[in-house]
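Reader: I am new to this structure. Please show me how to read its features, step by step.

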Amino acid sequence: MKKKLLFVITLFLSLVSFSGFAQNKTVTGTVNDEQAIPLPGVNVIVANTSRGTQTDFDGNYSIDVAEGEVLTFTYVGYTTETVTVGAEDVINITLQEDAAQLDEVVVVGYGTQSKRTLTDNVAKLTSEDIEEVPVPSIQSTIAGKAAGVQISPTNGKVEGGVNIRIRGIASIGAGSEPLYVLDGVPLINNNESNNGSPTNPLLTLSANEIASIDILKDASAAAVYGSRGANGVVIITTKSGANRPATFSLNYSYGVSEPTNLREWLNADEYIELFTEAAINTFGEEEGVPYIEGIFDFLSNDTDWRDREVDTDWQDLALGSGHVQDATLSMSGGNEKTTYFFSGAYNDTEGIVRGNELERINGRVNVTHNFNEKFRAGMNLSFSRTDIDRIANDNAFVTPLQAIAQPAISPAYLENGDPNPNTLYPNFLLQDKHAFYNTVIRRVLGRAFGEYQILDFLKFNSDFGYDLYYQNEDSYTGRLAPFQSTNGEAYASSVNTESYVTSNYFTFSKNFNEIHDLEMVAGMEYNEFNRRFQDVSGIQFPTDDFQTIDSAAEITGGSGSESANSFLSYFARVTYNLYDKYLFKASIRRDGSSRFGEDVRYGTFPAISAGWILSEEEFLSNSEVISFLKLRASYGEAGNANIGDFAALGLFGGISYNQRPGIAPIQAANPLLTWESVKQTDIGLEYGFLDNRISGEIDYYIKESDGLIFQQPLPGTSGQPSITRNIGVLENKGIEFVVNTKNIQTDHFTWNTNFNISKNDNEVKELPNGEDVINGQTILREGEPLSAFYLREYAGVDPENGDALYFVNAEDGDPNETTNDPNAANRVILGQPYAEWIAGLTNTVYYKGIDLGFTFVGEWGASIYNGGGIYQSANADFFDNQSADQLDRWQEPGDITNVPQARLFGGNGTATSSRYLQESDFIRLRNLTLGYTLPEDFTDQIGLEKFRVYFTGINLLTITDYDGYDPESTSDAGQGVGVTFYSAPAVRTMSLGFNINF
């Protein structure tokens, strides 16, 4: 008995002693990849237990564990690492890439998720996709690299607007731009231009700051952003530091730019020939010749046009060469407690259009600090200043591109070197010399955040974001500028828009028995916008040396306004994975917005999705061909709140009546006005073959926009012209196909290819009272594409008399019947402004330090209407210079041509018709980069980590049958979608640069 008691006591003491040595302690560390980039969302599991955690956004983790236990680190796309815990309190891990797995991690709203288990459609771009592309706008760097995402620059101006369409156009009356979110902060993306042409608000961002861009394409992914996710969401994540010594990166490039295309116009000989003929055809030779020679005398401004003394190339004066200079310097690093990223950037761009320039500086500071194993906090802060010298919009006589209307016989300059003031239209060179329009944008973007790890599986995040967009515009038009008769005119405006957002949410993430993986996110968000605008104009300046408003003798106008809106939101998301192959996700967001009627101010936006990784099933798990196969489906609802701040309210404004103040109603109220609702269904298949050497995805979607916002006309007795209402339905449906190939993978040579192509069909399903809505050259009609072109159909030229012909297109009439009277021809639908097919092809090749990458983009199915065609290509109808193809005019019976007989003032073929409508299909080499990196054994000797030189080209090649300036350039003067009007072509740029890391 005593021996048994002694044994029990000894055993008890041994257990107590052992338990003392096995007490838990807190182990922290950072998980990086092979390039020392932190990895967020790495699973850190204590082997043979249910205890675990995940790394945060900076790759940091903290876990309670006992000595002798084994930690397992797993991450999609990387090999699994195991470490036995010893006496150390810090364990840093470097994970190696695993070529047998899909290796993407995407940023979704309020968290991250592995691409492998994602049940939504999200396209991801990394910094490698967007760096070293010498364009001012970050949107232009992603063209052709994401299926279903169309990037459309307005024209070739340096500040020109950029349209991003994700799976087509989801709205008619509200905005169609996606929501941009930078580091959790919704960005201000309003065009604040006051000269009639849009600017791109995202010009203020620099590509060197960006770590990744994630594009949420389907409603299941975007629904967590509720009333602002209908057009898709673009999540931009900036770079951060890592647990490593400080590293510096310097990049510099300089390039020259030129137009992608120039058109042929009549020279002096051709101009005189064509217009002499046109005058004779109209007035007869006896009257026509003296008349036109008198016109030539006037246009030539006392020069000898008979001897062709002057032959001005006005296009050459308007369009020329420019340059792009880009420099960036960044520093990143950190330790176990603090990580940091600092960067600065400078961009100097001289445009191809005379007088159009941009200069921008950027600075960024991103810092994160771990106060202890439970709490970390940080701050992201950036500042930018963008200075733009601008030119007039496309519809202004003084814009440089309208100089192509000037006859070649008109001198551009006088003998003394001053611009010629006696031209057919105002000489833009006078505007260039005696006037200016300058825009300066200052932007501050900031985010402060804190994260508290309550338990290993539960954390709380609190973020505060701020976006300040401050813009000043100043212009001065001197007394010698065109249209100036007031001894100078000045204009000044300022707009101050600020947004702040606060987000608070909990994240529960736990793995149960390595079978059930559950993550739940729940929280709230408040976002408020405030905008203040004011402007003033004045005339009568003592001299042109005084160019600010305070020198004006007379103030001729001024205005000011203030507006605000706010959003209050509650959101939740649940993600559940069973056996790492059965995937489920559901989310919901409840949004309230001050923009909408008091009776419908709140909306609910749910989403649900599921996936099945078939390649994990026994019948495929041992396949030597299929390495990954996932089927997924989703449904979600999102909203569009891109309307005016007070669209639902009845508004009154101040007026002046006989110099007495008063108020008057200016807007009808609609308390039932609410957001447009977009419901989207998506079915997708993701695949990988041959150890994922071939991978990609196929998607089919249907997206229906309901409750479209329209301005509905009201009876005149109401006192208001219209009221804003939710009426109308629009549908987009399409397919997307993506294939990625690892063509060659050896120690010294790699070749990867990405190809994507998508087709989108849109259709107007319902309109107010089913009635057509005609807007210039386009129409909204039920059953037809959005903004379809609605024109007379041009039928060519009558070979007997040179008359322009049009198809009558009468209902139940002969389809081949033609008329020379445009008023007798009915308008019909003849195309659409939006491409049906878009595609991108990217190749990257590496060989012993040499790297080559290029991207082709293509669009098919869209058309462009040349609004200036009735002046530019009018067979000498007026005195504007003509495109060279007008020399192919009809001259005698039997001539077969599409150019009618030249008739001065005859209006022969100049009616609005499909004569000026053309398909704009194209394939374009969007960018090409060729670089060489010096060997490491050499750079090590000179104390550098990396030294690389490179050449980059933008828009080097365009394949198209479109004979206008550019198949992507359209008017920036609000003349309708798909319309070009003296619009600048895209820019071709060739740059040389270098990268240095040390």
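Author: Let us start with one strand pair. Strand β47 (residues 863–866) and β51 pair in the parallel sense, over two bridges. Keep in mind that this is a predicted model.

Reader: What holds such strands side by side in general?

Author: Strands of a sheet pair through backbone hydrogen bonds, and the sense is either parallel or antiparallel. Here is the case at hand. In this pair, tyrosine 865 stands opposite valine 979 in β51.

Reader: In what order do the strands of that open sheet lie?

Author: The order is β48-β47-β51. This open sheet has three strands, and its pairing is mixed. The edges are β48 (917–919) and β51 (979–980). Each has a single partner strand, so one side of each has no neighbour in the sheet.

Reader: Which strand does β36 pair with, and in which sense?

Author: Strand β36 (residues 729–745) runs antiparallel to strand β37 (residues 749–766), and 16 bridges join the two. A hairpin of three residues leads from β36 to β37. For one bridge, look at asparagine 740: its partner in β37 is asparagine 754.

Reader: Which strand pairs with β37 over eleven bridges?

Author: That is strand β45 (residues 837–847), again in the antiparallel sense. Find serine 758 to see one of these bridges. Its partner in β45 is isoleucine 838.

Reader: Next, cores. What do nonpolar side chains tend to do in soluble globular proteins?

Author: They tend to be buried together. In this model, the largest nonpolar core has 33 residues. Those with the most contacts inside the core are Tyr271, Phe275, Ile292, Phe296 and Phe879. Two elements give two or more residues to this core: α4 (268–283) and α5 (285–300). The largest share, seven residues, comes from α4. Apart from this core lies another, of 26 residues, among them Leu125, Ala143, Leu445 and Phe922.

Reader: What does phenylalanine 275 touch?

Author: Leave out residues up to four places away in sequence. Then phenylalanine 275 touches Ile292, Phe296, Ala876, Phe878, Phe879, Asp880, Gln882 and Leu904.

Reader: Which residues make the nonpolar patch on the surface?

Author: Trp612, Phe619, Leu631, Ile683, Leu685, Ile698 and Phe737 make a patch of about 610 Å². Take leucine 631 as the example. This residue is in strand β29 (residues 626–640). Leucine 631 counts as partly exposed because its relative accessibility is 40%, and partly exposed means a value between 20% and 50%.

Reader: Is glutamine 402 buried or exposed?

Author: Glutamine 402 is buried, with a relative accessible area of 9%. This residue lies in the loop between β21 (375–389) and α7 (428–434). Beyond its neighbours within four places in sequence, glutamine 402 is in contact with Asp394, Asn395, Ala396, Phe397, Phe981 and Tyr982.

Reader: Now charges. When can side chains of opposite charge pair?

Author: They can pair when their charged atoms come close. The structure holds 52 salt bridges. In one of them, lysine 585 meets aspartate 120 at 2.4 Å, N to O. Lysine 585 lies in strand β27 (residues 582–593), and aspartate 120 in the loop between β9 (111–114) and β10 (122–126), so the pair ties together parts 465 residues apart in sequence. Lysine 585 and aspartate 120 are both buried.

Reader: Which residue forms a salt bridge with lysine 157?

Author: Aspartate 394 does, with the closest N and O atoms 3.5 Å apart. Lysine 157 is in the loop between β11 (149–153) and β12 (162–166), and aspartate 394 in the loop between β21 and α7, so this pair ties together parts 237 residues apart in sequence. Lysine 157 is buried, and aspartate 394 is buried too.

Reader: And which residue does arginine 889 form a salt bridge with?

Author: With glutamate 273, the closest N and O atoms being 3.1 Å apart. Arginine 889 lies in the loop between α9 (869–872) and β48, and glutamate 273 in helix α4, so the pair ties together parts 616 residues apart in sequence. Arginine 889 is buried, at 6% relative accessible area. Glutamate 273 counts as partly exposed, at 43%.

Methods: Residues are numbered from 1 along each chain as its sequence is written. This is a predicted model: local features need pLDDT of at least 70, side-chain atom pairs count only at pLDDT 80 or more; totals for chains, interfaces and linings use all residues. Side-chain values use heavy atoms; hydrogens and water are left out. Patches are made of residues with over 30% relative accessible area and no salt bridge: like charges are joined within 9 Å, nonpolar side chains (Val, Leu, Ile, Met, Phe, Trp, Tyr) within 5 Å. Accessible areas come from the Shrake-Rupley method with a 1.4 Å probe; for residues, only the protein chains shown count as cover. A salt bridge is a side-chain nitrogen of Lys or Arg within 4 Å of a carboxyl oxygen of Asp or Glu. Helices (H or I, at least four residues) and strands (E, at least two) are DSSP runs, numbered from the N terminus. Buried means under 20% relative accessible area, exposed over 50%, partly exposed in between (1.4 Å probe, protein chains only). Two strands pair if DSSP finds at least two bridges between them. A nonpolar core is a set of buried Ala, Val, Leu, Ile, Met, Phe, Trp, Tyr and Cys residues joined through side-chain atoms within 4.5 Å. Contact means heavy atoms within 4.5 Å.
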